[in-house]
Each structure stands twice: as C-alpha cells, then as structure tokens.
Amino acid sequence: MSPGLGPAASEARTDADWLAQTARLAERARPLSRPNPAVGAIIVKDGVVVGRGWTRPGGRPHAEAMALDEAGEAARGATSYVTLEPCAHESARGPACSDLLVEAGVARVVAGVADPDPRTAGKGIEKLRATGIEAEVVDDPASHESLAGYLIQRREGRPHITLKLALSLDGKIALADGTSKWITGEQARAHTHRERAAVDAILVGGETLRADNPSLDVRLPGLEDRSPERFVLTRGHAPEGWNALSGLDDLSALSDIQYLMVEGGGGAAAAFLERDLVDTLLIYRAPVIIGNGRAGVGDIGLTDLAAAHGRWQRIAWRELGDDMLEIYRRTR
C-alpha cells in the first residue's frame, strides 16, 4: 500500500481529497489513452483504497474496469471515485463502465465531471441510480483540470493549447542572428521533454522549422515512446515526418488531438495569443540578458494596456537549476 493510503491517514478524507488523488492517477494515461480521455478511478472501502485504474493505451480497458478488476470482491459495498462520469453506451471494445459498477455491487459512485459525450451525458449516472446506487457528479476542479483536453475538444472542437516559451530575462528567445541553443539550462530542457511526453502533438512556425530543424521528440529514459506528432504552421507542404496546419481556422481538423503544445517562433506564439487560443503558458526564464535579440512573442494586436490585465493567473512556479519556470492559466 502506498504511503498515506492507510486507514489512519484516510479518516478525515473528503470526496474532494479522493477525487484529487484520482485526478493525479489519471496523469498516467496521457497521452497514450488517445483517442479516449485520460480517466482515473479508485475504489475505496472503509477508508482504504482497494482498487486503482487509469485508461489504458488506445482507450481500453477504461479506468473503472481496471480499478474493479484490482478490487475484486472488495468492491462490493465500496465507493468508486472517477474523474469522468462512467460511460453508459455499449461498445464492441468492451462493456459500459456503468454496467460494470452495477455488477460489482458498489454502493456509491462519485464522478468529478459530467461527460459531454451525448452517448453518456447524464445517462451513466441515471443508470447507476436506477439500480439503487448512490451516484452523483460533483463538478470537481481537479477532475476538470485533468480532463481539460477532452472537455475543450468536445465543447469547442479544438485541442487544449499550451504555449511554451524559453526566454531570457528581457523576453528574448534568440540572438539577433537566430542563435538559440541554449538559453535555458539542462534541468529546464529536461522538464520541457516531460511536458512534451504529456501532449498528443507539438507545433512550431514555418520559420522556426526552416531555421532550427528541431526534432521535438522526447529524450527522457523510459518515455521515448511518448514523442508527440509534429505539426508546422505553414500554407505550403510539410516535410517528411511533419504535418501541415494551414492556419488557426484549421484547428478543427485536429479532431483526435486533445493536447497541443506550441513550442517555436515568436510569430506562431503571437498568432495563437492574438486569437485567444492559449489555455496554459509555460514560461522558462533564464538568468541572462540578450538585448538586441528576437522577441519571444510578436505583435498580438494589443491597443489598450488595460485589456492585458486580468487574463492570466499564475498557478505554479519552481526553480529548475538556475532557471525559473512559471505556469499560467488563462482565466475565462
């Protein structure tokens, strides 16, 4: 049993505490669960976790099926916590999770987010309640955060978009001649690879591709298989191994991509910011001053300084060697 999961440590835990733990578990599914959402599930009985699961590669088994399989008979009378409402629709790939929960005899189901998929939306909870199981959706912030890509794709028809910037103290991404290796240090670059491993696709501008020919893969031991698909923002043809995105109106074509990272070029960064398409900012700031260099972000059409305020909330920061990472979330 993992530390902190024993009865003594669990007595005061609330539904929100258990769902936060379930959301952390769901991180293991990204991005390999694609095209399915990365869902986490735990089974709790008498304050002890008896089963854990997360969506497996390719989308099956679902998180609930994995958690119930681990719990076995201990699931009877237990509470199931799951980040997303249990599915209600039949599939050739496996049974509906709501049916599995009924068969397992759980007493209670707490879901963090209602499923916007019309095949399930509300039906999963209704099916559970119809059999006498106490079931509810609690609109949990941690679950929303862990499912951000899936929810945005379902509701807005585009991926969750993270803009990554590696900057000098004065906001430059390269020298005036384009030299950019390396502004940040080894720890910051390793952290970038970790973030790449959690997205489905990564994008740079055409100028960055031509100047730097970046590999944009994941070079962390054990995570090499999680290198994302590569896209370039161009109206022309993409080179071998790359996909072309002709413009930001073409984002709906990325229907099977839930998480996209924009990683290269002040022009590409500006284009996404100007259209208000960035959901998360990852800013790696190195303790160097470049002066006459290339700006990290180009013109975003801002004409009123007051309009720049109140748009971003810093949610985390940490030191990475000599560099500083700051993470911002777009407030909508």
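**Pockets**

For these entries I take a pocket to be an open set of points, on a 1 Å grid over the protein atoms alone, with protein on both sides within 12 Å along at least five of seven lines. Its volume is the space filled by probe spheres set on the points. The model I have open is predicted.

I went to the second largest pocket and got a volume of about 880 Å³. It is lined by 30 residues, and those closest to its centre are Glu-27, Arg-30, Glu-145, Arg-194 and Glu-195. I then listed the elements that give two or more residues to this lining: helices H2 (15–26), H6 (141–146) and H8, plus strands E6, E11, E12 (280–285), E14 (312–320) and E15 (323–330). Which element gives the most to the second largest pocket? My tally says E14, with four residues. By class I have 16 nonpolar, five polar and nine charged residues in the lining of the second largest pocket.

Next I pulled up the largest pocket, which holds about 1,000 Å³ of space. I have 42 residues in its lining, and Lys-164, Ser-180, Thr-208, Asp-212 and Glu-263 lie nearest the centre. Elements that each supply at least two lining residues here include strand E6 (160–167), helix H8 (186–196), helix H9 (206–212) and strand E11 (259–264). Helix H8 gives the most to this lining, with six residues. The class split for the largest pocket is 16 nonpolar, 15 polar and 11 charged.

**Helix H7 and strand E8**

I checked which residues of helix H7 (148–156) are buried, and my list reads Ala-148, Gly-149, Tyr-150, Leu-151, Ile-152 and Gln-153. What do the buried residues of H7 pack against? I find strand E3 (79–84), strand E4 (108–113), H6, E6 and E11. Right after H7 comes Gly-157, with a positive phi near 75°.

Strand E8 (201–205) was next. I count five of its five residues as buried. Side chains in a regular strand alternate between the two faces of the sheet. In E8, Ala-201, Leu-203 and Gly-205 point one way, Ile-202 and Val-204 point the other way, and all are buried. For partners, I found E8 pairing with strand E9 (229–233) in the parallel sense, over five bridges. Gly-205 has Leu-233 of E9 opposite.

**Backbone oddities**

I scanned the backbone too, since most residues other than glycine have a negative phi and most peptide bonds are trans. Two peptide bonds went into the notebook. The one from Arg-34 to Pro-35 is cis, with omega near 10°, and Pro-35 sits in the loop between H2 and strand E1 (40–45). The one from Arg-60 to Pro-61 is also cis, with omega near -10°, and Pro-61 belongs to the loop between E2 and H3.

Then I noted positive phi values outside glycine. Asp-46 has one of about 55°, in the loop between E1 and E2. Leu-216 has a positive phi near 55°, and I place Leu-216 in the loop between H9 and E9. Are Asp-46 and Leu-216 buried or exposed? Asp-46 has a relative accessible area of 70%, so I log Asp-46 as exposed. Leu-216 comes out at 5%, so I log Leu-216 as buried.

**His-62**

I looked up His-62 in the loop between strand E2 (48–54) and helix H3 (63–71). His-62 has a relative accessible area of 13%, so I count it as buried; the cut-off is under 20%. I found a polar contact from the His-62 side chain to the side chain of Arg-60, at 3.4 Å. Beyond neighbours within four places in sequence, I have His-62 in contact with Asn-36, Thr-55, Cys-87 and Cys-97.

**Ala-114**

Last stop was Ala-114, in the loop between E4 and helix H5 (123–130). Ala-114 counts as partly exposed because its relative accessibility is 37%. How far apart are Ala-114 and Leu-151 in sequence and in space? I get 37 residues in sequence and 9.8 Å from C-alpha to C-alpha. Leu-151 is one of the buried residues of H7. Leaving out neighbours within four places in sequence, I list Leu-84, Glu-85, Val-137 and Arg-155 as contacts of Ala-114.

Notes. Residues are numbered from 1 along each chain as its sequence is written. This is a predicted model: local features need pLDDT of at least 70, side-chain atom pairs count only at pLDDT 80 or more; totals for chains, interfaces and linings use all residues. Side-chain values use heavy atoms; hydrogens and water are left out. Buried means under 20% relative accessible area, exposed over 50%, partly exposed in between (1.4 Å probe, protein chains only). A polar contact is a pair of N or O atoms within 3.5 Å; within protein, one must be able to donate a hydrogen and the other to accept it, and residues adjacent in sequence count only if both atoms are side-chain atoms. Contact means heavy atoms within 4.5 Å. On a 1 Å grid over the protein atoms alone, a cavity is a set of points where a 1.4 Å probe fits but cannot get out, and a pocket is an open set with protein on both sides within 12 Å along at least five of seven lines; lining residues have an atom within 4 Å of a point. Ala, Val, Leu, Ile, Met, Phe, Trp, Tyr, Cys and Pro count as nonpolar, Asp, Glu, Lys and Arg as charged, and the others, Gly among them, as polar. Two strands pair if DSSP finds at least two bridges between them.
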